Amino acid sequence: MRRWGGAHENLPLMPERILFLTGHLAHARLDKVLRGGNFGFDWKIEDIGVKVAALMTEAIIARRLPRPVAADRVVVPGRCRADLARLSADFGVAFERGPDELKDLPAYFGKRGRGLDLTRYDMRIFAEIVDASDMTVDAIIARATEMRAAGADVIDIGCLPDKPFSHLEDAVGELKARGFAVSVDSANADELRRGVKAGSDFLLSLTEHTLDIAADSNVSPVLIPATHGDMASLLRAAEIAERSGIRAILDPVIDPIHFGFMASLSRYAELRARMPDAEILMGTGNLTELTDADSSGVTAMLLGICSELRIRNLLVVQVSPHTRRTIQEHDAARRIMFAARGDESLPQDYGNALLQVHDKKPFLNSAQEIAELAAQVTDANFRIETAEDGIHVYNRAGHHVGQDALALFDKLGVERDGAHAFYLGAELMKAEIAWRLGKRYAQDEPLDWGCAADQPAEDRTRLKSAGHTLRAKA
């Protein structure tokens with residue numbers, strides 16, 4: 001164990017003390033990272049007595065960590081398999097799992113060393129089922145359940161023009177019975193009235209001429225201009241709603257690119273300037289759906305605008321296959337923007353949820369660092385890494401570098417070991433994909449696509465099953 005390092009002794013308040021557990025190989029690198037960071041806390045490193053940090057277990061920690069622990073919290077490596085709640089109770093100090101990679105420690109501790117908190121947000125997501133009238137009630141419930149799991153706060157029941165919706169009341173009633181907040185979205189006044197009677201929480205969308213539909217009810221209407229782009233009409237509707245005691249949400253309506261996009265953005269800014277306390281809604285589908293670009297970036301930009309203008313209601317649609325994860329993207333973006341705004345910061349270094357195709361730090365080690373690691377290997381197990389120059393695969397028999405996974409096959413000597421060849425082929429191709437895209441690769445771990453794909457469930461209290469990584473025959 002080394003002396004406490006980090007924050008200065010002359011700080012007016014005693015800085016937090018954090019103990020980092022590690023193994024022999026990572027000790028020097030961890031020390032370097034901690035010395036190079038301005039984290040605002042005091043720190044110590046405890047070498048727990050294993051060669052590889054990820055191999056430390058709950059039993060090893062419980063047996064080898066000296067007691068009492070003179071720290072405010074203990075950070076274990078991200079790949080350490082242990083029940084941290086049990087360790088916290090056993091030692092009387094909070095244990096937490098750090099990042100998988102040492103070089104991610106600065107990002108892990110977040111802005112000003114406080115830690116990254118993405119649990120909070122202030123934007124409400126209305127997720128529209130655009131073809132609800134064509135679906136059975138059971139199908140609507142199933143879709144709504146998926147949307148809620150993805151981050152939706154309100155299920156918006158979309159009504160189709162000239163399409164009868166005889167089961168509208170049943171759909172609203174069943175959703176409400178299951179605890180969903182519901183909006184009815186229609187251009188048909190009769191359907192909106194039916195939605196009010198069925199118990200809908202919100203209506204999309206009313207104008208100054210149809211606002212009476214929401215009268216004498218608890219429903220919150222979303223108001224739009226009677227004529228598209230007519231701000232005076234929207235302001236009149238807002239004034240009528242206020243006089244009538246109706247809790248309205250205002251929507252100037254965003255337009256697609258080349259069809260009034262910039263002018264529509266200015267309407268949102270004008271509305272906020274005129275009505276500083278108004279509840280405002282932005283429907284993002286005219287950009288995410290009608291622009292052939294990855295929707296995560298489009299969403300990030302729009303929610304950045306919403307964050308600046310304090311727009312707290314979002315209408316989200318998912319029709320095109322390229323927007324299949326748009327609810328998850330909006331959920332991630334609202335959390336990032338809330339945290340960054342609270343920190344008075346740029347929306348940088350708040351996680352990788354929206355960095356789906358490329359990573360900010362795809363290559364953890366340089367080619368030289370990998371070569372130095374490879375020179376220390378004394379066993380036949382293959383290690384695979386990526387660096388700027390390509391894919392590295394090495395064991396005690398050699399170190400090979402290539403940019404084509406298939407071209408490495410004949411250098412590995414596994415022609416007669418089908419299972420091992422299959423494993424290496426899968427890992428090398430995954431490494432090639434990561435290298436070509438500029439994504440981070442970690443052997444035996446799935447590529448991280450941010451919120452574009454669900455990560456496989458993983459139990460970090462126990463080691464992975466034996467055989468997950470096939471080993472070369474000694």
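Strand 12 (residues 279–283) and strand 13 (residues 313–317) run parallel to one another and are paired over three bridges; within this pairing, Leu-281 has Asn-313 of strand 13 as its bridge partner. The coordinates belong to a predicted model, and the description below should be read with that in mind.

**The barrel and its helices**

The pairing of strands 12 and 13 belongs to a closed barrel of eight strands, which runs 6-7-8-9-10-11-12-13 with parallel pairing. Strand 13 is also joined to strand 6, again in the parallel sense, by five bridges, and here the bridge partner of Ile-125 in strand 13 is Leu-314. Strand 6 pairs in parallel with strand 7 (residues 154–158) as well, over four bridges, with Val-154 of strand 7 as the bridge partner of Phe-126. Five of the six residues of strand 6 are buried, so this strand is largely enclosed by the rest of the structure.

Two helices can be placed against these strands. Helix 9 (residues 261–274) lies across strand 11 (249–250) and strand 12, and its direction makes about 170° with that of strand 12. Helix 12 (residues 326–342) packs on the sheet, where it touches strand 6 (124–129) and strand 13, running at about 175° to strand 6.

Ile-213 is found in the loop that connects strand 9 (202–206) with strand 10 (220–223). Its relative accessible area is 7%, which is under the 20% limit, so Ile-213 counts as buried. Leaving out residues up to four places away in sequence, Ile-213 touches Ala-189, Leu-192, Arg-193, Val-196, Leu-203 and Leu-206. The C-alpha atom of Ile-213 is separated by 54 Å from that of Pro-106, a residue 107 places away along the chain.

**Aromatic pairs and a ring cluster**

A pair of aromatic rings is described by the distance of the centres and the angle of the planes. The model holds eight aromatic pairs. In one of them, the rings of Phe-20 and Phe-109 have centres 6.0 Å apart and planes at 75°, an angle over 60 degrees, so the pair is edge-to-face. This pair links distant parts of the chain, since Phe-20 belongs to strand 2 (residues 17–22) and Phe-109 to helix 4 (residues 105–109), with their positions 89 residues apart. Phe-20 and Phe-109 are both buried.

Phe-39 and Phe-41 form another aromatic pair, which is stacked, with 5.2 Å from centre to centre and 10° between the planes; these two residues are likewise buried. Ring pairs join Phe-20, Phe-39, Phe-41, Tyr-108 and Phe-109 into a cluster.

Tyr-108 also takes part in a polar contact of 2.4 Å between its side chain and that of Glu-96. Glu-96 lies in strand 5 (residues 94–97) and, apart from its neighbours within four places in sequence, is in contact with Arg-73, Val-74, Val-75, Val-76, Leu-84 and Tyr-108.

**Arginines over rings**

Elsewhere, arginine residues are placed over aromatic rings, as listed here.

| Arginine | Ring | Distance to ring centre |
|---|---|---|
| Arg-148 | Phe-180 | 3.7 Å |
| Arg-334 | Tyr-121 | 3.7 Å |

In the case of Arg-148, the charged end sits over the ring of Phe-180, while Arg-334 lies over the face of Tyr-121.

Methods. Residues are numbered from 1 along each chain as its sequence is written. This is a predicted model: local features need pLDDT of at least 70, side-chain atom pairs count only at pLDDT 80 or more; totals for chains, interfaces and linings use all residues. Side-chain values use heavy atoms; hydrogens and water are left out. Rings of Phe, Tyr and Trp (its six-membered ring) pair if their centres lie within 6.5 Å; planes under 30 degrees apart count as stacked, over 60 as edge-to-face and the rest as tilted. Buried means under 20% relative accessible area, exposed over 50%, partly exposed in between (1.4 Å probe, protein chains only). A charge sits over a ring if NZ of Lys or CZ of Arg is within 6 Å of the ring centre and within 35 degrees of the ring normal. Two strands pair if DSSP finds at least two bridges between them. Contact means heavy atoms within 4.5 Å. Axes are lines fitted to C-alpha atoms, for helices over the stretch in contact, and angles run from 0 to 180 degrees between N-to-C directions. A polar contact is a pair of N or O atoms within 3.5 Å; within protein, one must be able to donate a hydrogen and the other to accept it, and residues adjacent in sequence count only if both atoms are side-chain atoms.
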